[in-house]
Amino acid sequence: MREMLALTSYLAGTPLGGSVALVTDGRFSGGTRGLCIGHVSPEAAEGGPIALVEDGDVIEADLAARTLTVAVSEYELSERRARFVPRAPRFSRGWLARYARFVTNASTGAVLDPDAWRVAPSEASA
């Protein structure tokens with residue numbers, strides 16, 4: 001979950017700062033200004049809603065209801081979902097690879113899933 005301060009600072013320093021919203025699966029610090037919606041989950045990396053947004057799509061934000069909706073038909077979203085290919089993990093070995101593989105998404109706390117990393121007895125002998 002990337003920190004968005006650099007991006008929000010950039011937007012605030014441009015003419016766009018007062019006319020756009022930032023929607024991200026990233027996180028914000030106390031320095032964020034403007035309309036910014038973060039921690040969107042499930043994340044784009046696992047095919048969440050941000051992964052399916054394309055240039056020109058309208059995103060409807062209902063802050064009171066805490067919902068985001070991509071104003072695209074369910075048929076079109078299902079087509080995009082079918083074409084979605086997740087990126088290969090940046091790390092294939094070591095602790096960061098383990099973290100990427102076994103940590104839950106933001107909606108469940110972005111914590112290590114205590115059951116996911118255990119090796120089944122049948123796999124341990126393989």
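I looked up Glu-60 first and found it in strand 3, residues 59–62, where strands (E, at least two residues) and helices (H or I, at least four) are DSSP runs numbered from the N terminus. The model is a predicted one, in which local features need pLDDT of at least 70 and side-chain atom pairs count only at pLDDT 80 or more, while totals for chains, interfaces and linings use all residues. Residues are numbered from 1 along each chain as its sequence is written, and side-chain values use heavy atoms, with hydrogens and water left out.

I noted Glu-60 as partly exposed because its relative accessibility is 45%, the class between buried (under 20%) and exposed (over 50%), with a 1.4 Å probe and protein chains only. Leaving aside neighbours within four places in sequence, I listed its contacts (heavy atoms within 4.5 Å) as Thr-67, Leu-68, Thr-69 and Ala-71.

I then turned to Arg-80, which sits in helix 3, residues 74–83, and counts as buried because its relative accessibility is 7%. A polar atom of the Arg-80 side chain lies 2.7 Å from the backbone oxygen of Leu-52. Beyond four places in sequence, Arg-80 is in contact with Leu-52, Val-53, Glu-54, Asp-57 and Val-72.

Last, I checked the lining of the second largest pocket, an open set of points on a 1 Å grid over the protein atoms alone, where a 1.4 Å probe fits, with protein on both sides within 12 Å along at least five of seven lines, and lining residues having an atom within 4 Å of a point. I recorded 25 lining residues, with Ile-37, Val-40, Pro-49, Thr-67 and Leu-68 nearest the centre. Strand 4 gives the largest share of this lining, four residues.

Key. Polar contact = N/O pair within 3.5 Å; in protein donor to acceptor, adjacent residues only side chain to side chain.
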